[in-house]
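Subject: Structure for you to look at

Hello,

I am handing over the structure below. Please open it and read the notes after it with the model in view.

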Amino acid sequence: MSQLLSAIFKPDSRAEAERAKFLSRIFGIFSEKIVSLWCDDERSPYQDIGRPTIKTSTTDRGYTLDFTLRERKTGALYVAEMKCEIEYQSFRYFILTNTEQLKHHRKSAFDVFLRSARPSEDLQVWVRKQKMPIAGAILIWGAVSPSGRMSAIQEFGLRDALSLDEMCRDLISWKCQRYEALLSERRAWSNQLFDGLLSSTSISEAEQGRPSI
């Protein structure tokens, strides 16, 4: 399993815990875009065609998930939900190692997602106002161990358990220019924020030193 994200986020000591929390929150703002970029590349096994809404026969409410993935080789459609909890509860859910980690998600939308792994007539999936037949469900996690992937597939019937860690590695090895542009843009935005805050501090200090009129 890749250690790319672990090397970035996991603290070496308790003193770095605040850094890990800060970086994790920043990453969470745009991590879905990384999935979209990965799916847009022709070397990816899946293509994203939009957010799916799932309706059940037991409620009039629809549950909107993160992605609808079309398998490039077969054309089969899968609903996909991303869970990327990096530093939450001391990184307890960062790397998928067993199915107990999935069970702490208790919201109805995630329950419907898991039910979609084994499609039935009482589940209807709509993408861009069109009803679509699905072949199952795919989980997207922060990082995934081989045993975690296998246990999730076997217990819940998932088509696959993908990881953001592996997607980042792919995009780097593919030399994806859009990925590089995304990160460069976000880096520039962050620099603008901190540069601006430093400037504001300097201005405030200068104003405090001025004699009153």
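The notes below go from the overall layout to the pocket, the surface, the salt bridges and the backbone.

Overall layout

Please keep in mind that this is a predicted model. The chain has 213 residues, of which 41% are buried. Its secondary structure consists of 6 helices and 11 strands. The C-alpha trace spans about 75 × 40 × 35 Å along the principal axes.

The largest pocket

The largest pocket has a volume of about 410 Å³. It is lined by 17 residues, and those closest to its centre are Ile-8, Ile-26, Phe-27, Phe-30 and Leu-183. Three elements give two or more residues each to this lining: helix 1 (4-9), helix 2 (17-40) and helix 6 (177-208). By residue type, the lining of the largest pocket divides into 14 nonpolar, 2 charged and 1 polar.

The nonpolar surface patch

On the surface there is a nonpolar patch formed by Phe-22, Leu-193, Phe-194 and Leu-197. Together these residues have about 390 Å² of accessible area. Helix 6 gives the most to the patch, with 3 residues. One residue to look at here is Leu-193, which is found in helix 6. Leu-193 counts as partly exposed because its relative accessibility is 48%, and the range for that class runs from 20% to 50%.

Salt bridges

The structure holds 13 salt bridges. I picked out several of them.

Asp-41 pairs with Arg-43, with the closest N and O atoms 2.9 Å apart. Asp-41 has a relative accessibility of 11%, so it counts as buried.

Arg-51 forms a salt bridge with Asp-66, and here the closest N and O atoms are 3.8 Å apart. Arg-51 lies in the loop between strand 1 (46-48) and strand 2 (52-56), while Asp-66 lies in the loop between strand 3 (62-64) and strand 4 (67-71), so the pair ties together parts that are 15 residues apart in sequence. The two partners fall into separate accessibility classes: Arg-51 is partly exposed at 44%, whereas Asp-66 is buried at 10%. Salt bridges with shared partners also bring in Glu-32, so that Glu-32, Arg-51 and Asp-66 are joined into one network.

The side chains of Glu-100 and Lys-103 also meet in a salt bridge, at 3.1 Å from N to O. Lys-103 is partly exposed, with a relative accessible area of 37%.

Backbone: positive phi

Most residues other than glycine have a negative phi. Which residues should be checked against that background? Two are listed here.

Phe-91 has a phi near 65 degrees, a positive value in a residue other than glycine. Phe-91 is found in the loop between strand 5 (77-83) and strand 6 (95-96). With a relative accessible area of 13%, Phe-91 is buried, the limit for that class being under 20%.

Arg-128 has a phi near 55 degrees, also positive and also in a residue other than glycine. Arg-128 sits in the loop between strand 7 (123-127) and strand 8 (130-132). Unlike Phe-91, which is buried, Arg-128 is exposed, with a relative accessible area of 67%.

Regards

Technical notes. Residues numbered from 1 in each chain as written. Predicted model: local features only at pLDDT ≥ 70, side-chain atom pairs only at ≥ 80, totals over all residues. Heavy atoms only, no water. 1 Å grid on protein atoms, 1.4 Å probe; cavity = no way out; pocket = protein on both sides within 12 Å on 5 of 7 lines; lining within 4 Å. Points joined across faces, edges and corners; volume = space filled by probe spheres on them. Helix = DSSP H or I, 4+ residues; strand = E, 2+ residues; numbered from the N terminus. Nonpolar A, V, L, I, M, F, W, Y, C, P; charged D, E, K, R; others polar. Patch = residues over 30% accessible without salt bridge, like charges linked within 9 Å, V, L, I, M, F, W, Y side chains within 5 Å. Areas by Shrake-Rupley, 256 points an atom, 1.4 Å probe, with all protein chains shown as cover. Salt bridge = Lys/Arg side-chain N within 4 Å of Asp/Glu carboxyl O. Buried < 20%, exposed > 50% of the residue type's maximum accessible area, 1.4 Å probe, protein only.
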